[in-house]
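User: Please take a close look at one part of this model and describe how its helices pack against each other and how they relate to the sheet.

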Amino acid sequence: MQFFDSDATRSALPFDRLVPALRERFAAGCETPPRHVHEITNPADDVTPDLVGRRITSLIMPAWIPGQTYGVKIVNIAPGNAKRGLTGLHGSYLLFDARTGVPLAHMDGDQITARRTAAASALAGSYLARADAKHLLLVGAGQVARLLPAAYRTVRSIERVSVWARRAEQAEQLAQQLRNEGFNAQATSQLELACGEADIVSCATLSMEAVVRGAWLAPGNHLDLIGSFTPAMREADDACFENARVFVDTDEALTKSGDLLIPMAHGVLRADDIRGTLTTLSKGVATGRKTDAERTVFKSVGTALEDLAAANLIYETLGQPQA
């Protein structure tokens with residue numbers, strides 16, 4: 001079994017190859033059983049006495065392509081890690097030969113998770129953002145947020161990036177990093193104004209309450225919601241879904257995310273209002289954006305299909321030929 005550390009995993013997943021790999025795999029499909037979700041609540045301590053900070057969520061996500069490869073990712077999400085100076089996501093990925101069960105590779109799950117998440121948003125944006133979209137607003141300044149400009153640049157001509165975060169110093173740090181990478185990036189403290197100006201608003205937070213409001217969004221805007229992966233989490237208020245065409249990565253989002261479950265409970269959104277998934281978009285069965293004036297919303301919760309597509313790309317690039 002080969003081992004690919006963080007640097008090797010990252011180097012094998014450039015977005016100009018990863019986004020097409022996701023498009024191809026969503027169109028072709030694979031076997032993705034329901035993920036296991038485990039909540040682990042730890043004793044209170046001085047750093048995180050609150051319940052949210054003490055709890056981590058562990059996801060176990062298998063997927064396979066019959067006759068080819070089988071992969072399993074374990075990813076742990078710890079909202080309290082920010083107070084410890086740690087990132088909130090940690091994971092590992094194991095790839096096997098699906099015919100023999102022989103282990104092929106152990107890969108850095110953090111890099112796979114972050115990069116395939118950003119790539120999935122870019123894939124959705126290729127169908128849902130206006131063709132002339134140039135201004136990207138990042139809501140959040142974490143590991144996924146910092147990858148989104150590079151991912152989106154593979155599908156749209158991003159010329160300007162605005163960054164908002166609850167902590168102004170984090171927004172400025174990310175803006176500086178993006179400037180070092182060649183982006184025209186600025187931090188902003190005025191989220192309402194920034195939402196109205198941006199062509200694409202991409203939210204990558206661990207928020208438990210709405211951060212973006214529909215009243216702030218402009219016609220033709222594309223709203224990308226990444227962070228909410230439990231029923232209690234949300235980044236967008238109910239109004240974000242009113243008079244918008246809504247898409248999801250998979251149907252599982254309708255049972256997992258508070259961004260959808262809460263407006264559904266309020267009667268603002270219905271399951272049959274969902275216009276398509278990344279599968280139906282990639283197959284050409286669903287139609288993405290229809291006019292420049294309409295608002296679109298994409299909600300993702302992640303899927304093991306994306307992980308397997310990324311792992312296969314890594315192994316094809318760095319690994320030994322499969323037997």
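Analyst: What follows concerns helix α11, the helices that cross it, and the sheet beside one of them. The model is a predicted one, and the description below should be read with that in mind.

Helix α11 spans residues 304–318, and its axis comes within 9 Å of the axis of helix α2, residues 15–28, with the two crossing at roughly 125 degrees. An angle over 115 but not over 145 degrees falls in the oblique class, and α2 and α11 are therefore oblique to each other. The crossing of these two helices is right-handed. On the α2 side the contact involves Arg17, Leu18, Ala21, Leu22, Arg25 and Phe26, which meet Leu305, Glu306, Ala309, Ala310, Leu313 and Thr317 of α11. Sorted by class, the residues in this contact of α2 with α11 are eight nonpolar, one polar and three charged.

Helix α4 also packs on α11: the axes of α4 and α11 come within 9 Å and cross at roughly 110 degrees, which makes α4 roughly perpendicular to α11. Here, too, the crossing is right-handed. From α4 the contact draws on Ile112, Arg116 and Ala120, and from α11 on Glu306, Asp307, Ala310 and Ile314. By class, the contact of α4 with α11 has four nonpolar, no polar and three charged residues. Glu306 and Ala310 of α11 are named in the contact with α2 and also in the contact with α4.

Helix α4, residues 109–128, leads from this packing to the sheet, since it lies across β3 (55–64), β4 (69–77), β5 and β6 and runs at about 100 degrees to β5. The sheet itself is open and has six strands in the order β1-β6-β5-β4-β3-β2, with mixed pairing. At its edges stand β1 (2–4) and β2 (36–41), each of which has a single partner strand, so that one side of each is left without a neighbour in the sheet. Neighbouring strands of this sheet are turned against each other by 15 degrees on average, with direction ignored.

Within the sheet, strand β5, residues 89–97, pairs with strand β6, residues 103–108, in the antiparallel sense over five bridges. In this pair, Leu94 has His106 of β6 as its bridge partner.

Technical notes:
Residues are numbered from 1 along each chain as its sequence is written. This is a predicted model: local features need pLDDT of at least 70, side-chain atom pairs count only at pLDDT 80 or more; totals for chains, interfaces and linings use all residues. Side-chain values use heavy atoms; hydrogens and water are left out. Axes are lines fitted to C-alpha atoms, for helices over the stretch in contact, and angles run from 0 to 180 degrees between N-to-C directions. Helices (H or I, at least four residues) and strands (E, at least two) are DSSP runs, numbered from the N terminus. Angles under 35 degrees count as roughly parallel, over 145 as roughly antiparallel, 65 to 115 as roughly perpendicular and the rest as oblique. A crossing is left-handed if the near helix is turned anticlockwise from the far one by less than a right angle, and right-handed if clockwise. Contact means heavy atoms within 4.5 Å. Ala, Val, Leu, Ile, Met, Phe, Trp, Tyr, Cys and Pro count as nonpolar, Asp, Glu, Lys and Arg as charged, and the others, Gly among them, as polar. Two strands pair if DSSP finds at least two bridges between them.
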